[in-house]
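Trainee: I would like a close look at a single part of this model, a strand inside one of the chains. Please take it residue by residue, and then place it in its wider setting.

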Amino acid sequence: MTNVSLSTRPQKSMVATSLRIALYTVLLSVAALYLLPFAIMLITSLKDVEEIRTGTLLSLPSTLDFSAWGKAWSSACTGSTCDGIAPFFTNSFQIVVPAVIISTVLGALNGYVLSMWKFRGSEIFFAALLIGCFIPFQVILLPMARTLGWLGIANTTSGLVFVHVVYGIAFTTLFFRNFYQAIPSELVKAARLDGAGFFTIFRRIILPLSTPIIVVTIIWQFTQIWNDFLFGVAFSGFDTQPVTVALNNLVNTSFGGKEYNVDMAAAIMAALPTLIVYVLAGKYFVRGLTAGAVKG
Amino acid sequence: MASLVIDNVKKRYGNTSVLKGIDIAIEAGEFLILVGPSGCGKSTLMNAIAGLEDVTEGRILIDDQDVTFSSPKDRDIAMVFQSYALYPNMTVAENIAFGLEMRKVPKTEREQEVQRVAELLQISHLLNRKPSQLSGGQRQRVAMGRALARRPQLYLFDEPLSNLDAKLRVEMRTEIKKLHQKLKTTIVYVTHDQIEAMTLADRIAVMKDGEVQQLGTPQEIYDNPANLFVAGFMGSPAMNFIPAKVIESGNTIMLELTTNTIETPTTINTIETPTRLPFPNAESLQSHIGKEVLLGLRPEMITEPQPHKAGLEFTVNSHVNVDVVEPMGADTMMITRIGNNEVNCRCHPSYNMVVGATCEVMFDTSKAVAFDIESGQRLD
Amino acid sequence: MITKNAPRFTLADWLPKLVMAPTVVVTLVCMYGYMIWTGVLSLTNSRMLPSYDFVGLSQYERLFNNDRWLVALANLGLFGGLFIGICLCLGVILAIFLDQKIRNEGAIRTIYLYPMAISFIVTGTAWKWLLNPTNGLEKMMIDLGFEQFTFDWLVNPDKVVYCLVIAAVWQASGFIMALFLAGLRGVDGDLIKAAQLDGAGTFTTYRRIVLPSLKPVFFSALVILAHIAIKSFDLVAALTNGGPGYSSDLPANFMYAHTFTRSQIGLGSASAIVMLGCVLAILIPYLYSELRGQRHD
């Protein structure tokens, strides 16, 4: 609705002004509701156990106590070990970085072929791939577990990278294909007449135009893989668990009393990488979500 | 520069035939224009010549070499696209040099070539800009520059001027004509603008439904269109088609038509005045005596009575009803109705024509053609 | 002079297909192949290890006689219905509100959307704390003076599904808002001008002109939300772990438990295939209408 507003009229009546105030009140209250859980997590993580028991959710900590953060990071128990979530943080990065790079590169090449070098059957294949974006992963869990066993990469980081690449390609391909579809095919024709080949055209003409979609794809894949729990819990060994699995174990491990401050500190830490990406590149994050959704 | 032979080229997608056997031979240095309505196959033919699409059947020869199976880069062809297809991430200079770079021309030579082309097209001051910083006309020049830089054997222009505004289009048209005269390049040029076709071409190929309807010089096509389609497609406003009856009067064959219907206010009767027109190529009508044909007459051949032409062999004056008057500056287009067909007459602006009344016009049939009503083919 | 053209066999022509080949293989094997494999397993009496003793549809029979599965399915219906309905309503309303030339729109939008960047595990952990009956919301309200306030949904088998709904809505509604907002921004401004010249007020313009044109966005959102609901696994794992008892199980959790921890691979596979059926039941009409729509354009 560019340039056209339904509500602002030249004359400002009392009614219009009070409507406007009501509108802002609603919007800001809702914003507060969205922020509240995170605020409470933060507050809780800074209290000690005693204060949590006596105070309420919103009561502020009397002193800033970072000990829960330290414990969550390096000494909280996650299942059978008590090294905090730090080692699993590393695991997550070891899974996420290669998986994001590989799936993005493959997605870019696939998108390039599916938009600029269509061949007989390529459209049908694209449709088949699209459906793949939607299948519930429960359908492939068990066969994949068997396959990873045969390949000798069960319970390894490489195994998880493989799984995330396989089931991420559909999305990355979709992103790149839709983006490249909007690039005029004459560019490729011109470059072919100029004597450039398949990879030269990709590297010299298409790739330099792809920065926005590369950013979108990387952010999308990063959040998806970082936040994954299902593959992590199904395919990881104890040493290779991603941070989401470790967090869940930490929260559900009950040795002695519940330490909600440690739980919250660990949860915030597990959420931090994707939150930082979101705050820094929110525009691209939204674009990725809507591209996947509206176009899908 | 090279010659181009398109030998019985056919292209099918599944069951649809896009090209139904095209035969065109172009000499080195010739400027050929392909015209036709959208969907006539002209763009497919261009892509086939360039090697961007495989043909289903037939051969393509450039300079007597069979290139039907060669890939685009081996055909030594340059193409100017309607959208210009400038590489957005490269500067103008890089755009122009890209084809040379791909062909491994040394850097210094590339730079010299870029300079030469830039001077030729007067774009030297733009060399460091990106395409997004250029106006439409400048982009068009860069696109041409990119084609010229490689000095290819054959140039393809795919509606290169359609994205320009009217004034710029006329300018660039002249520019392209000058370039062709200067460089003597072989050019195949697709357009849907028939003025472009008339002004630029050495020869024109009019296409429809994947077939060449007529191939000839602009004047041939204008004066002697092979069929109703070509006649209607070339020229603006289009050639008038007037239903007429072939009669034998004395020993000459003439065309008879009813030009106007006068409704007299006093009587309710209408008076129909038949007009008889002589025809230059009268023998061609021999077989149609007594039948209806379509008389093809360009608007400029129906004018106000011109004294210097009066009494010539092929001029006849008659009265017509004035339906619409459209002043165009240099001429005034008067539209009347003969039979069921609208007829455009190109009159002098000072000639007095009143809508709703009748006026006298002069039919000059010295360049008239006639078409068979059934087949649409020209009679000759 | 007719020459039949033989197809060319050069590397350059095969390069695009060669590049696509790994993806094609992986897609065919790891998506479609595995789907079939799971389908086959669902027809066997596999327990701890896959076996290929075919028992027909008896696993499906067992499945639909299994109380836990029926609870999971009912939960999915309740959870999915509420989650989708609330997200859609909230998304549309917030999007329209935000489309009124709001100052700081960008900041507000960012706040609405940030939960989508967070893992469902984190969301579950956070809401588990917020909703816990001893120290959470209930205690806060009592301390604020509402002595009678009780909030035990998280441990109440009849209410626990609503906790899932609350957490899931918190996470996804901002995203749906963003979808609708993008849709609203895409509505042709001339259309709105025309409606206003025709004398339509703000409310009528939205109801009669703007919202109907958002139908495609609405369907996209519906499909995405349904997809999230059917796949929901991590939220349950973190927030309730299916409990109390198995009162908050969803099919995804049922499938995982039976396949990986309860050594009932046949039964687990059957449940996975039913889930796939649910997704396809939503997806196929959607894709069909999408494709048909494209053909009409």
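Mentor: What follows goes from one strand to its partners, then to the core and the chain contacts. The model is predicted.

The part to look at is strand β3 of chain B, residues 31-35. Of its 5 residues, 5 are buried, so the strand is largely enclosed by the rest of the structure. Burial applies to both faces of β3(B): F31(B), I33(B) and V35(B) point one way, L32(B) and L34(B) point the other way, and all are buried. A residue is counted as buried when 20 or more other C-beta atoms lie within 10 Å of its own.

β3(B) pairs with two strands of chain B, and I33(B) is a convenient reference point in each pairing. With strand β8 (residues 187-191) of chain B, β3(B) runs parallel, and 5 bridges join the two. Here the bridge partner of I33(B) is Y189(B). With strand β9 (residues 203-208) of chain B, the pairing is again in the parallel sense, over 4 bridges. In β9(B), the residue opposite I33(B) is I204(B).

Now the wider setting, beginning with the nonpolar core. The largest such core has 287 residues, and I85(A) and A266(A) have the most contacts inside it. Helix α7 of chain C, residues 160-185, gives the most to this core, with 16 residues. Chain B takes part through domain 1 (4-233) and domain 2 (240-371), which both give residues to the core, so the core lies between them. As for A266(A), setting aside neighbours within four places in sequence, its contacts are A72(A), A76(A), I85(A), L247(A) and L250(A). I85(A) is thus in contact with A266(A).

The chain contacts complete the picture. Between chain A and chain B, the contact takes 13 residues from chain A and 17 residues from chain B. On the side of chain A that touches chain B, helix α8 (residues 186-193) of chain A gives the most, with 6 residues. That side divides by class into 8 nonpolar, 1 polar and 4 charged residues.

Between chain C and chain A, 86 residues of chain C are in contact with 78 residues of chain A. Helix α1 of chain C, residues 11-41, supplies the largest share of the chain C side, 17 residues. By class, that side of chain C has 59 nonpolar, 18 polar and 9 charged residues.

Key:
Residues numbered from 1 in each chain as written. Chains lettered and ligands numbered in written order. Predicted model: local features only at pLDDT ≥ 70, side-chain atom pairs only at ≥ 80, totals over all residues. Contact = placed C-beta atoms within 7 Å. Nonpolar A, V, L, I, M, F, W, Y, C, P; charged D, E, K, R; others polar. Buried ≥ 20, exposed ≤ 12 C-beta atoms within 10 Å, placed from the backbone. Pairing = 2+ DSSP bridges. Core = buried A, V, L, I, M, F, W, Y, C linked by C-beta atoms within 7 Å. Domains from an automatic or database assignment.
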